[in-house]
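Me: Please take a close look at one part of the structure shown below, and then place that part in the wider picture. A connected account, with the terms explained, would suit me best.

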Amino acid sequence: MTNKDLFKIAETFFEDKGWTSFPFQKNSWNAFLKGKHGLLNAPTGSGKTYALWIAIVLNYIKQNPDYKKKPSKGLKAVWITPLRSLSNEIAQTTQSFVDAIELPFKVGIRTGDTSSKERSAQKKSMPDLLITTPESLHLLLASKDRNNTFKTCEALVIDEWHELLGTKRGVQMELAISRLRTISSGIRIWGISATIGNLNQAQDVLLGVPTHEHNTQLNDNVIPKDRVLIKANIKKDIKVQSIIPKKMDKMPWRGHLGLHLLEDVVHIINSSKSTLIFTNTRAQCEIWFQALMSSHPEFAGEVAMHHGSINKETRIWVENAIRNESLKACVCTSSLDLGVDFAPVETIIQVGGPKGVARFLQRAGRSGHRPGETSVIYFLPTHALELIEASALQKAVTNQAVEDRLPYLLCYDVLIQYLCTLAVGGGFYPDQIYKEIKQTFCFQSISQEEWQWCLNFIVHGSNSLSNYDEYKKVEIDDTGRYFIDSRAIAMRHRLQIGTIVTGQDVTVKYVTGGYVGTIEEYFISKLNRGDVFVFAGRTLEFVRLKGMVAQVRISNKKKGQVSNWQGSRLPLSSQLGELLREEMINFQTGKKKSPEVQALKDIIKRQQQESIIPLPDQFLIETFKTREGYHSVFYPFEGRFVHEAMAGLIAYRVSLLQPISFSLAFNDYGFELLSDQPFNMQDLLDNNLLTPDMLSQDMIASVNATELAKRQFRDIAVIAGLVFTGYPNKIIKTKHLQNSSQLLFEVFKDNEPDNLLLRQAYTETYEQQIEEYRLRESLERIKSQDIIWNQCDKPTPFSFPIITDRLRAKLSSEKLADRIKRMQLKWE
């Protein structure tokens, strides 16, 4: 059967649906049929799933012209999704095509939600297409039958590759790909990505890199040279509109989470067929849902909530309700960011700055999720200055200026877990696996010494732990095969496969037994019997904590503390920070006649009276005195992570000139040093304290790197299997995990300073928590800018949000609002 005949099958399917295939879809079909590997880049809602699934099916038909007969047994393709909530959508899409062309293929799903009965059935007879997650794929690799499972597999598709790239789950996929290439020599590797800046590097991470060692055995045909990058030349029309408050405080603050614009949101909901309201955190999601229900009880049954801690049944019900248009609106988090095809959604509302261009585009693409349709997204500022962010985002949408996703390098903890996975699943021979991992992007530079250290670690538990049998997991037989024979060790390893390490979750159930969802242990641990809290859209009374189950009952009280989660604040991306600095000129001159510029004109005028609006080639510092002390506020516009590190760095450098202590505060736009005595700012400028010189040494001294590395080491210890998180319903408490990992950290630090996991903890601390590379780039930029130091009489509109964020940590919400109101009246 010729390619023309094969394409006719696909085109007929499209015609029956009333669709027309895009050139990028045909290019994908053609490339796959020629045996190529590749990365497909196309906008959300343009038909990427059909581009690759149809290619896989057409390739099967090419090899089996009598395709309507019963297909040969065995797995034909694996489809990886980063979110298990997307699996049902992908299954429906893929099954619809094979059903339409009368190909008797079976599509199966294997995720954490799959029942044990279904898993057992799959073990006996695998579906033709398996939709799964990185973690579930590794569980299959931990099976002794893995070679038989994957030997017939001819395609591996990684969906939403941009979400996995730059995470340890992405490293998991690199390692899995390296193994599957050996098990099935004819397998074709493809990735799908919508929003990503560094496409060529993303393709290299996906498909691997050839080694540069003088070893011909390593440079075999495993790494695909016949690769292609396919871009869809489809311009997605995105309409961005800011929700402008009718009244603007001249002293803006991050208060009420934008709830003063609730009625504007209600108007949008009522004028749209369906609306998704995106919030950045689960706590914010809960607050907005409760506010809508309290103010508009008529929305009951028409407005729902969706986030990752709500139980599976409720999430699925909400997703289906959006599809069949029985919901007017849904308040959600990033749980609905990706890939789910919500054709009926007409409008998107983004509450607060999304902190990244790619995230904003992804969310905008949830509406008009069909080729050729316009996506409509409203930006709702949680404080006035976020309107500058909104203006910058509009420019980014026009220019498609999305962020790079930086890949991880040398994740020893993930490698150690992977080696144990292979050892559980029948064992491995080190020479063969070393060849495979050397051709992954993550481990291309691993040395023989580092490799040998990892092997010794899984066998002996490292030098300092060699006397403890519990760390000796892997055995070696006479042939040199590394394997795990202990059923107990194998079970514990399978339970802990994965790289997502969060605070331990507590199951929330009614006293009568009904399941509500899961919430982090640290929040529940703060509650006393009888305390009322809001979770999953319900007001609940805490009864007791029994094991890892929080028992609750419905409360009649209208208010309660909102459940919250750790680590929920997103940092501003470097791309959006740069756009913000560039956008300042429009707000300074007022020439741009946008609604955002007009809305902020009074605040901008006040800022210019008290200080300046910094231009892209200027770096602004403001100092003033209040009854709290002496304030110094700096404005790099680089995001809260960079500002937190820079604040500590500058405080340390100033203390070398003058014995002084500071309180630090920061947000995405700047940071504050507050002291009870003045210091000479001119000394700071004259002594080049805002330069990248001696940065590494000063960072070690200014940041408690050891303490931060201890926290980072906990996650590494869990992934590497040094610390066991517990059995189902017998989860080990977070504080016990922390204590165990800290003890191991101290042992390694004192007795084995060259331990690779210890080194990794420090590396990840500087690269991820402190973002040292961004800090260095920021200081390089500041070095070339004109530094403007303004000595102000009182706080400025730019500094006010930073001051109030510091107060937020000390005061209750009611006291905070009263205090800020008094401050606003005084300074306005």
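Reply: Ser462 is placed in the loop between α18 and β14 (475-476); helices (H or I, at least four residues) and strands (E, at least two) are DSSP runs, numbered from the N terminus. The model is predicted, so local features need pLDDT of at least 70 and side-chain atom pairs count only at pLDDT 80 or more, while totals for chains, interfaces and linings use all residues. Residues are numbered from 1 along each chain as its sequence is written, and side-chain values use heavy atoms, with hydrogens and water left out.

The backbone of Ser462 merits attention: phi is positive, about 70°, although this residue is not a glycine. Ser462 counts as buried because its relative accessibility is 5%, where buried means under 20% relative accessible area, exposed over 50%, and partly exposed in between (1.4 Å probe, protein chains only).

Glu160 also has a positive phi, near 50°, in a residue other than glycine. Glu160 sits in the loop between β5 (155-158) and α8 (161-164). With a relative accessible area of 5%, Glu160 is buried.

Helix α18, which borders the loop of Ser462, leads to an internal space. On a 1 Å grid over the protein atoms alone, a cavity is a set of points where a 1.4 Å probe fits but cannot get out; a pocket is an open set with protein on both sides within 12 Å along at least five of seven lines; lining residues have an atom within 4 Å of a point. Grid points are joined across faces, edges and corners, and a volume is the space filled by probe spheres set on the points. By this rule there are 6 cavities of 30 Å³ or more.

The second largest cavity has a volume of about 60 Å³. Its lining consists of Ile416, Cys420, Phe457, Ile458, Gly461, Tyr471, Lys473, Ala720, Gly721 and Leu722. Two elements, α16 (412-424) and α18 (448-460), give two or more residues to this lining. By class, the lining of the second largest cavity has 7 nonpolar, 2 polar and 1 charged residues; Ala, Val, Leu, Ile, Met, Phe, Trp, Tyr, Cys and Pro count as nonpolar, Asp, Glu, Lys and Arg as charged, and the others, Gly among them, as polar.

The largest cavity holds about 70 Å³ of space. Among the residues that line the largest cavity are Arg581, Met584, Pro614, Phe619, Tyr635 and Arg781. At least two lining residues each come from α21 (574-589) and β22 (618-626). The lining of the largest cavity divides into 8 nonpolar, 2 polar and 2 charged residues.

The second largest pocket contains about 780 Å³ of space. Of the 29 residues that line this pocket, Gln122, Lys123, Lys124, Ser125 and Met126 lie nearest its centre. Helices α5 (116-124), α6 (134-141) and α7 (146-150) give two or more residues to the lining, and α5 provides the largest share, 6 residues. The pocket lining comprises 7 nonpolar, 10 polar and 12 charged residues.

Two further buried sites show how parts of the chain meet. Ile310 is found in the loop between β10 (303-306) and α13 (312-323), and counts as buried at 3% relative accessibility. Ile310 and Ile519 are 209 residues apart in sequence, yet 8.8 Å apart in space, C-alpha to C-alpha. Not counting residues up to four places away in sequence, Ile310 touches Met305, Arg315 and Ala536; contact means heavy atoms within 4.5 Å. Ser87 lies in helix α4 (residues 87-100) and is likewise buried, at 3% relative accessibility. Leaving aside neighbours within four places in sequence, Ser87 is in contact with Thr81, Ile109, Thr111 and Ile131.

Helix packing completes this view. The axes of α1 (residues 3-17) and α2 (residues 23-33) come within 12 Å and cross at roughly 145°; axes are lines fitted to C-alpha atoms, for helices over the stretch in contact, and angles run from 0 to 180 degrees between N-to-C directions. Asn3, Leu6, Phe7, Ala10, Glu11 and Phe14 of α1 make the contact with Gln25, Lys26, Trp29, Asn30 and Leu33 of α2. These contact residues divide into 6 nonpolar, 3 polar and 2 charged.

Over the protein chain, the secondary structure comes to 32 helices and 28 strands. Of its 828 residues, 58% are buried. Among contacts between residues at least 6 apart in sequence, 74% join residues at least 24 apart.
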